[in-house]
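Let's take a walk through this one together, going from the overall fold down to single side chains. Keep the viewer open and rotate as you read.

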Amino acid sequence: MAERMSRGLCRRLGLPAHDAEDFAQDLLTDLLARLPGFNPDQGGLGAFALTCFRHHAALLAHRTQRHRALHHSISLDDPLPDGGATVGAVLSDADGYGAWMGQQTDAFADVNRRLDLERIADVLTEEDAPLCAALARGDVDPARHAGLSRTTAFRRVREMRLRLCAAGIAPAA
């Protein structure tokens, strides 16, 4: 009975057949733990076992579905929703680790960003570096983290914006 229930559970969940043995063992272990609560006056052992198996099978199915939802594993051989290509065919090694983790990649944006960074290397000074670092980290008080007064920090940011605009780098929207 446990083997039949576990095979059905694997079929319903779309799991490989070799997982049925593990499920059958879990079902039997649960039945053995509940056996002291069996009362022969209320029904037969087969009915008790079937009820225990059904309850524990529902619990195992719920755990499996929750695990799938949390750990949504995707294979590179999985087809895309449009049905044409696989996940691995769309991603290339040149896109980097971010693409494998589902982040958007745009080669043209990467080239433009690299060119912009090369252009600002001459525009920004070393005394701008601590303030830029604090701004990039998103610190609550970047002036304090850069070791500047608020007035000085605002003045430097205004000057950096002017120098960046003069270098041809447009302000962010």
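What follows starts with the whole chain and then moves through its helices, charges and surface patches.

First, a caveat: this is a predicted model. The protein chain comes to nine helices and zero strands, so if you read along the sequence you get the pattern α-α-α-α-α-α-α-α-α. Of the 173 residues in the chain, buried ones make up 22%. The accessible surface adds up to about 12,900 Å², and carbon and sulfur atoms own 56% of that. As for how the chain meets itself, take the contacts between residues at least 6 apart in sequence: 44% of them join residues at least 24 apart.

Start at helix 1, which covers residues 2-13 and holds Arg-4. Arg-4 is exposed, with a relative accessible area of 57%. Together with Arg-7, Arg-11 and Arg-12, Arg-4 forms a positive patch on the surface. Now look at Ser-6, also in helix 1. Is Ser-6 buried or exposed? Its relative accessibility is 1%, and since anything under 20% counts as buried, Ser-6 is buried. Which residues does Ser-6 touch, once its neighbours within four places in sequence are left aside? The contacts of Ser-6 are Ala-20, Phe-23, Ala-24 and Leu-27.

Helix 2 runs over residues 19-34, and there's plenty to see on it. Begin with the negative charge: Glu-3, Glu-21, Asp-22 and Asp-26 gather in a negative patch on the surface. Helix 2 gives the most to this patch, supplying three residues. One residue to pick out is Glu-21, which sits in helix 2 and is exposed at a relative accessible area of 63%.

Next comes Asp-30, again in helix 2. Asp-30 is a charged residue that counts as buried, because its relative accessible area is 12% and the cut-off is under 20%. Apart from its neighbours within four places in sequence, Asp-30 is in contact with Cys-52 and His-56. Asp-30 also has a salt-bridge partner: its side chain meets that of Arg-34, with 3.0 Å from N to O. Why can these two be described as about one helical turn apart? Because Asp-30 and Arg-34 both belong to helix 2 and are four residues apart. On the other side of the pair, Arg-34 is partly exposed, with a relative accessible area of 44%, so this salt bridge joins a buried acid to a partly exposed base.

Helix 2 has a nonpolar side to its story too. Leu-32 is found in helix 2 and, at 61% relative accessibility, counts as exposed. Leu-32, Leu-35 and Leu-45 make up a nonpolar surface patch with about 290 Å² of accessible area together.

Back to the salt bridges. How many are there in total? The count comes to five, and two of them take you to helix 9. One is the pair of Arg-155 and Glu-159, whose closest N and O atoms are 3.2 Å apart. Both of these residues lie in helix 9, four residues apart, or about one turn of the helix. Arg-155 is partly exposed at a relative accessible area of 36%, and Glu-159 is partly exposed as well, at 35%.

The other is the salt bridge of Arg-156 with Glu-127, where the closest N and O atoms are 4.0 Å apart. This pair links distant parts of the chain: Arg-156 is in helix 9 (residues 150-166), while Glu-127 is in the loop between helix 6 (107-123) and helix 7 (129-137), 29 residues apart. Is Arg-156 buried or exposed? Arg-156 is buried, with a relative accessible area of 14%. Glu-127, in contrast, counts as exposed at 52% relative accessibility.

Notes:
Residues numbered from 1 in each chain as written. Predicted model: local features only at pLDDT ≥ 70, side-chain atom pairs only at ≥ 80, totals over all residues. Heavy atoms only, no water. Patch = residues over 30% accessible without salt bridge, like charges linked within 9 Å, V, L, I, M, F, W, Y side chains within 5 Å. Areas by Shrake-Rupley, 256 points an atom, 1.4 Å probe, with all protein chains shown as cover. Lys, Arg positive; Asp, Glu negative; His and termini not counted. Charge placed at Lys NZ, Arg CZ, Asp CG, Glu CD. Buried < 20%, exposed > 50% of the residue type's maximum accessible area, 1.4 Å probe, protein only. Contact = heavy atoms within 4.5 Å.
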